[in-house]
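Thank you all for coming. Please have a look at the chain on the screen, and then I will take you through its aromatic rings, its charged side chains and its disulfides.

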Amino acid sequence: MKLLTALLSCLLSLLGCDPRPSTTSITRASDGGVDTIFSKTTLVDGVATFECFASRSGGCRYRLYEERCDAMPAGAQAGCRRVVLDEFELQVGKRRRVQGLPDGFRHCVAAGDATDACRG
């Protein structure tokens, strides 16, 4: 009976596993207990999903970018720049899936009326 219980436990534990690795990023800020921005980004199998849950302006503004650094001789300071890959705005309650982003892409999200937060 103990062997049957152990086998059944192992089988059930296998059914609950998700072999796909993922990365989740939450951006949330509030002022006086009210969310000014609340967003979730999930990356699974090379597909990024962006979700806007709350924004004081009614929308979340996203900027997707990549840092590109020029190779420099030893001792010299590398020159890096942001290359914008995509920009879009989602209304509260909406989501967007994006495929084909390069490994190591980065993102910034801000309330639609605070897009300067994603400059730089």
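Let me begin with the aromatic pairs, of which there are 4, where rings of Phe, Tyr and Trp (its six-membered ring) count as a pair if their centres lie within 6.5 Å, and where planes under 30 degrees apart are called stacked, over 60 edge-to-face and the rest tilted. One of these is formed by Phe50 and Phe88, which meet edge-to-face, at 5.4 Å centre to centre and with 75° between the planes. This pair links distant parts of the chain, since Phe50 belongs to strand S3 (residues 47-55) and Phe88 to strand S5 (residues 80-91), 38 residues apart. Helices and strands here are DSSP runs numbered from the N terminus, with H or I and at least four residues for a helix, and E and at least two for a strand.

Before going on, I should say that this is a predicted model, in which local features need pLDDT of at least 70 and side-chain atom pairs count only at pLDDT 80 or more, while totals for chains, interfaces and linings use all residues. Residues are numbered from 1 along each chain as its sequence is written, and side-chain values use heavy atoms, with hydrogens and water left out.

Are these two rings buried or exposed? Phe50 is buried, with a relative accessible area of 0%, and Phe88 is also buried, at 6%; the word buried means under 20% relative accessible area, exposed means over 50%, and partly exposed lies in between (1.4 Å probe, protein chains only). Together with Tyr62, Phe50 and Phe88 make up one aromatic cluster.

Phe88 has a charged partner as well, for the charged end of Arg96 sits over its ring, 4.2 Å from the centre. In a similar way, the charged end of Arg28 sits over the ring of Phe38, 4.1 Å from its centre. For this description, NZ of Lys or CZ of Arg must be within 6 Å of the ring centre and within 35 degrees of the ring normal.

Another arginine to look at is Arg63, which is found in strand S4 (residues 59-69) and is buried, with a relative accessible area of 11%. Which side chain does the side chain of Arg63 meet in a polar contact? The partner is the side chain of Glu87, at 2.4 Å, and a polar contact is a pair of N or O atoms within 3.5 Å, where, within protein, one must be able to donate a hydrogen and the other to accept it, and residues adjacent in sequence count only if both atoms are side-chain atoms.

Let me turn to the disulfides, of which the whole structure has 2, each being a pair of cysteine sulfur atoms within 2.5 Å. Cys52 and Cys60 form one of them, with their sulfur atoms 2.1 Å apart, and this link is right-handed, with 70° about the S-S bond. Cys52 is buried at 1% relative accessible area, and Cys60 is buried at 0%.

Cys69 and Cys80 form a disulfide with sulfur atoms 2.0 Å apart. Because Cys69 lies in strand S4 and Cys80 in strand S5, this pair ties together parts that are 11 residues apart in sequence. Here Cys69 is partly exposed, at 48% relative accessibility, and Cys80 is partly exposed too, at 44%.

Finally, for the chain as a whole, there are 1 helix and 7 strands, and buried residues make up 27% of its 120 residues.
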